[in-house]
Amino acid sequence: MINLKSELKMKLYKILLIFGLLPLLCASALNGQNSNLIKVKAIVSDQDDNPVAGASVYGNEGYLLKFTDSSGSFEMEVNQNTSLYIVAEGFLPKTVKVLSGLEKISLVDDSGEEKVNVAFTQVNRKDLHGAISVVNPGEFLNEDYYRNTSGINNRANGILWGSNLWGMDGAMVMIDGAPRRFEDIKMDEIDQITVLKGVNAVALYGSHAAKGVILITTKRGVAHKREINVRVNTGIASPKSYPKYLGSADYMTLYNEARVNDGMEPLFDEETIANFDGGNPYRYPSIDFYSPDYLNNFTYATDIVAEFSGGNENAKFYTNVGWSTNSTLLKVGEGDNESINRFNIRGNIDLKLNDFITSTVDVSVILNDSRNGLGNYWDNATTYLPHKISPFIPIGMIAPDSASVLLLANNSKNIIDGEYLLGGTQEYLTNPFADLYVGGYSSTISRVLQVSNGIDFDFDQWVKGLSFHTKIYADYYNSYNQSIENTYSIYTPTWGDVEGENTIVGLTKYGNDSRPGVQNVSGTAQQRLLGGSVQFNYDRTFNEKHNFSSILLGQATAITKNGVYQDSLNTNIGIQLAYNYQHKYWADFSGALVNSTKLPDGNRVGFSPTISLGWLISAEDFFKAGFVDHLKITASAGILNTDLDIPRYYLYDNIYMPGSWYSWYDGTYVNRATTSQYGLNPKLTFAKRQELNFGLQGSLFNKLIWFETSFFMAQMNGLPTQPTYQYPEYISDWVPYTNYNANEYSGIDASVNLNKKVGDWQFNLGMIATYVTTKVLQRDELYEEDYRYRTGKPTDAIFGFENLGLFDDADDIAGSPFQAFGDVKPGDIKYKDQNGDNVIDEKDEVMIGRWVAPFSYALNFSVSYKNLTLFVQGTGNMGGNGITDDNYYWVDADDKYSEIVLGRWTEETKASATYPRLSSQSNNNNFRSNDYWLYSTDRFNLNKVQLTYNLPRKLIQRTFIRELGVYINGSNLLTLSQNSEILELNIGEAPQNRYYNVGIRMKF
């Protein structure tokens, strides 16, 4: 059997070796050119001839690096016929050809000139309008380091979480022009993230962009700027909290109480309970799955990333090689071998083929390998009763004179640590700990290959401003599970008391020990993405005032998955016509002709028109507010046709399926028939996103404060559903899917940043906030009571019963409306009769909360003194709710008891009870959606603290290291909330963690 982990490590070592030698080879090549050197001594200044100190000056294609002094001066010896590349904070990068007599280099302020990636093109930031947010990871990663892209919602306004923009979940993620996934990329690979929220910003991407687009652009090589960056990050994670379950004695005591509440006799006698309260733990077990005997105090994680970039005008390259590994908390058996390993390599190449043709070739490879013990330990921890079995039977407790028992024990093939048999019963023929020790293991292996190629034609020498661009991409995803599955025997001991000691006098064996050594392969999943685009661009300026740009494009993607007959297609033709006058007034029309094979013939094509306007009001002569540096007003509107909400193909057709039912109670006679699933609707068409949004961008007090905000009003109309209430019940099997449902989304997002430098101190305070309110505009529903309608309520509304506390006694029950969910007793939850019919049933459900918090925010603060930087990030949300509805809180019948039940109702505690009465039967009255279990999810998180120190340049200027920084950080540190115990607790899965890391960053 091939050891995949070893194979993965060997590949990593080889690749690192190759890329480790690459800079040395480049250095040798450059050193070979030293015969023709020219000495450059020059001053770098701004447009007003003020010196620029601290500018980085790269020479010999980046092999040399100098920094300007306080007078802006530098000097270096470089090869003839080469170029210098100059970078300084606050200025546009500049490339200068080395010529004799070069004495002065002037840089241009970057205000508004920074390039921003938008749909199928780039624009200067000053020309950006519409609802668009921009995140440049290079600006903050050194002081706020993390690798997972999930953190971008703390940097970009408008993102509630992940791919949820403005409350509409399912934004399309585009990586270098191809639809991909967040997990396909890490933050250190990213150059820029552009969040396209408004309809005008996303229109060119077609039908699948109707929920927004998160446009990710990876890093590329820069001509004459050679760099090698290496970062090592390692740390630990400590659990925030574990579920707290009762031990065996407490469980038995309360279970007896539950039976008495149900009118039954206690199950456990006092002697039994006393034995389980501190008796021999093997004879009277009280299993604690969260004991340090089974779990580590910490998990460990390490990330290593190396980046290589450089080149010249003819060829540029960027390479990112990364490896990460994580352990888990389990420390017994295969749990101690559990790990998650990820290796990635990305290579981006830019080639200049001739004077008017350039090309890009991008390749990304991701290898993931995770190994786990068999069984679901965390889920088992929530269900296994503490007293049922002892997972381990000590051989040392077998009576010495019981030869046959000792022989049976010593013949076991699975003796743990040389002294324990695996325990169980005829009811429990396996146990979670035995699974980890001898059950085997499973590995989930996934591989991702992404390849794309772009060719760009610049026809400017023939038709000024005209260019043509093509891009093709092919992605392959493959994953599968490998497992070794063993069977094992378990033993049930017979205990006796020999001379007052607990002794095993008999053993009963169940099952057989078997290790077949067969590797099983299962869960194979494959996905292929093929796509591409072609486009003409026309960009032209007339009389230095009139700026025209246009795009005509066609794009198509097809996603094929194993086991899915139909490909997922997204095809469209797009057009954009844009104009701005002196970068002061903007107008943009963008539209897409979209196509969907999910719709019937005649309705498969739709046109999505949008428009956007912008006005730089601060450039007007009448605007005299001296504290305003920049103020722009924007507005966008449009209609997007989308098939994202059409769940499958052929919804428009009359679909029949074979069916059957039993006519006799003994189930021996079966009627078979073909039944209709839904009816024919040849008019089924696209759902439509209709939107109007307004924006404001600006800076104040000489760039002390920068801000942007968007106000939006959007509707998703024509969402397909089967409107069963629009048809008689006797034809319910023929009700067609219709464009009937509709939702509304409105709100505001904002970003504010304050940046101030005072001497050697640098302060930065940033805030982003998003407020979204949603409303159901139309649903297929019919109720007698108005309060039950979902129409007019938030799309994420929680419906349930309004509780009136717990029943006090039998008289309280008799004097209350009848509750139709089973036998009700004192201590059960009492509900409000909303409609006054004296019966509590589904007609009394009302809106009791909403799942999604409408308001979310993040605060980012940093303060620097010379080379030391402290960064603090806080995040939070307000207005959302949750329901404690898992088996940790909803405990009845034979469920495992958590500490929550200690506040149960009894006759003695009825005035202060925080939990209903216990029941040994299923309790359908108490455990259903109601506000007794409702809690607020309002919270503030101390999300990140990082302290970073960058060594002064003078300490490393004579070494081969250009930059050296070290840092220590902590994340997910603290949650402030009235319900923090609920919010920080995971049930049935690994716990939430606090993370502590140290890292070192080097640039060569």
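**Note on the core, one helix and the surface**

1. The largest nonpolar core in this predicted model has 60 residues, and those with the most contacts inside it are Phe289, Tyr377, Leu422, Tyr897 and Val901. Two or more residues of this core are given by each of the elements α3 (248–261), α4 (270–276), α5 (377–383), β24 (420–422), α7 (432–438), β44 (829–831) and β46 (846–850). The largest share comes from α3, which supplies six residues. As background, nonpolar side chains tend to be buried together in soluble globular proteins.

2. Val901, one of the core residues with the most contacts, can be followed a little further through its partners. If its neighbours within four places in sequence are left aside, Val901 is in contact with Leu246, Leu254, Val891, Tyr915 and Leu918. Of these partners, Leu254 is one of the buried residues in α3.

3. The helix α3 deserves a point of its own. How many of its 14 residues are buried? Ten of them are, so that α3 is mostly covered, and the buried residues are Ser248, Ala249, Tyr251, Met252, Leu254, Tyr255, Asn256, Glu257, Ala258 and Arg259. The cover over these buried residues includes α4, which is also among the elements that give two or more residues to the core.

4. The length of α3 can be checked by simple reasoning: with 14 residues at 1.5 Å a residue, the helix should span 20 Å, and because its end C-alpha atoms are 20 Å apart, the expectation and the model agree. Just after α3, Gly263 takes a positive phi of about 80 degrees.

5. On the surface, a nonpolar patch is formed by Ile349, Leu351, Leu353, Val361, Val363, Leu449, Val451, Tyr476 and Leu530, which together have about 650 Å² of accessible area. At least two residues of the patch are supplied by each of the strands β21 (339–352), β22 (357–373) and β25 (440–458). Val361, which lies in strand β22, has a relative accessible area of 31%, and it therefore counts as partly exposed.

6. Is Thr869, in strand β48 (residues 868–878), buried or exposed? Its relative accessibility is 10%, and because buried means under 20%, Thr869 counts as buried. Leaving aside neighbours within four places in sequence, Thr869 is in contact with Glu143, Ser862, Val863, Ser864, Gln946, Leu947 and Thr948. Among these, Gln946 is 77 residues away from Thr869 along the chain, although the C-alpha atoms of the two residues are separated by 8.1 Å.

Conventions:
Residues are numbered from 1 along each chain as its sequence is written. This is a predicted model: local features need pLDDT of at least 70, side-chain atom pairs count only at pLDDT 80 or more; totals for chains, interfaces and linings use all residues. Side-chain values use heavy atoms; hydrogens and water are left out. Patches are made of residues with over 30% relative accessible area and no salt bridge: like charges are joined within 9 Å, nonpolar side chains (Val, Leu, Ile, Met, Phe, Trp, Tyr) within 5 Å. Accessible areas come from the Shrake-Rupley method with a 1.4 Å probe; for residues, only the protein chains shown count as cover. A salt bridge is a side-chain nitrogen of Lys or Arg within 4 Å of a carboxyl oxygen of Asp or Glu. Helices (H or I, at least four residues) and strands (E, at least two) are DSSP runs, numbered from the N terminus. Buried means under 20% relative accessible area, exposed over 50%, partly exposed in between (1.4 Å probe, protein chains only). A nonpolar core is a set of buried Ala, Val, Leu, Ile, Met, Phe, Trp, Tyr and Cys residues joined through side-chain atoms within 4.5 Å. Contact means heavy atoms within 4.5 Å. The expected span of a helix is 1.5 Å times one less than its number of residues.
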